[in-house]
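Colleague: I'm new to this one, so could you take me through a single part of it up close? I'd like to hear about the inside, wherever you think is a good place to start.

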Amino acid sequence: MEAVVFIFSLLDCCALIFLSVYFIITLSDLECDYINARSCCSKLNKWVIPEMIGHSIVTVLMLVSLHWFIFLLNLPVVTWNIYRFIMVPSGNMGVFDPTEIHNRGQLKSHMKEAMIKLGFHLLCFFMYLYSMILALIND
């Protein structure tokens, strides 16, 4: 059963890595003026909720399967994703708003956040891979 938990977590982590790379590429396209702000923000806002749900599922799965260290490692990132989604001002298009993305260095902060998430998901990927191998060996 433990191997199944980590196999699912590994697959989910692969999807989250893909999303992080997609966010970085789309934000860098906006930075280089290859796409306009409205197009960029609509593309990214489409994936905010699936990212939040995917990460939340793995966090809850680690809580239910009693992997406390991994749960506590994932909890701040999930909390940040939920906080960021809830605190979107009314009238904005979403977490990524085309009217504000060039103001106050938001583009740089979104890019920095996407890079940090990519690093975090890569770290989690190798932790899940190691844990999956251990669980398969111990079975």
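Modeller: Sure, let's go for the packed interior, and keep in mind that this is a predicted model. The largest nonpolar core has 33 residues, and the members that touch the most others are Leu27, Leu30, Met62, Phe96, Ile101 and Tyr128. Helices H1, H2, H3, H4 and H5 each give two or more residues to this core, with H5 giving the most, 10 residues.

Let's zoom in on Tyr128. Setting aside neighbours within four places in sequence, Tyr128 is in contact with Phe6, Ser9, Leu10, Cys13, Val58, Met62, Ile70 and Asn74. Met62 turns up again here, as one of the core members with the most contacts to other members.

Now have a look at H2, which runs over residues 37–45. Its buried residues are Ala37, Cys40, Cys41, Leu44 and Asn45. They span an arc of only 120 degrees around the axis, so they sit on the same side of H2. Among the things covering them are helix H1 (2–31) and helix H3 (48–64).

The model also leaves some room: the largest pocket holds about 260 Å³ of space. Helix H4 (68–86) and helix H5 (106–138) are the elements that give two or more residues to its lining, and H5 has the largest share, 4 residues. In total 15 residues line this pocket, with Arg84, Met87, Val95, Gln106 and His110 nearest its centre. By type, the lining splits into 6 nonpolar, 5 polar and 4 charged residues. So H5 is worth following in both places: it gives the most to the core and the largest share to the pocket lining.

Methods. Residues numbered from 1 in each chain as written. Predicted model: local features only at pLDDT ≥ 70, side-chain atom pairs only at ≥ 80, totals over all residues. Heavy atoms only, no water. 1 Å grid on protein atoms, 1.4 Å probe; cavity = no way out; pocket = protein on both sides within 12 Å on 5 of 7 lines; lining within 4 Å. Points joined across faces, edges and corners; volume = space filled by probe spheres on them. Nonpolar A, V, L, I, M, F, W, Y, C, P; charged D, E, K, R; others polar. Buried < 20%, exposed > 50% of the residue type's maximum accessible area, 1.4 Å probe, protein only. Arc of directions from axis to C-beta. Contact = heavy atoms within 4.5 Å. Core = buried A, V, L, I, M, F, W, Y, C linked by side-chain atoms within 4.5 Å.
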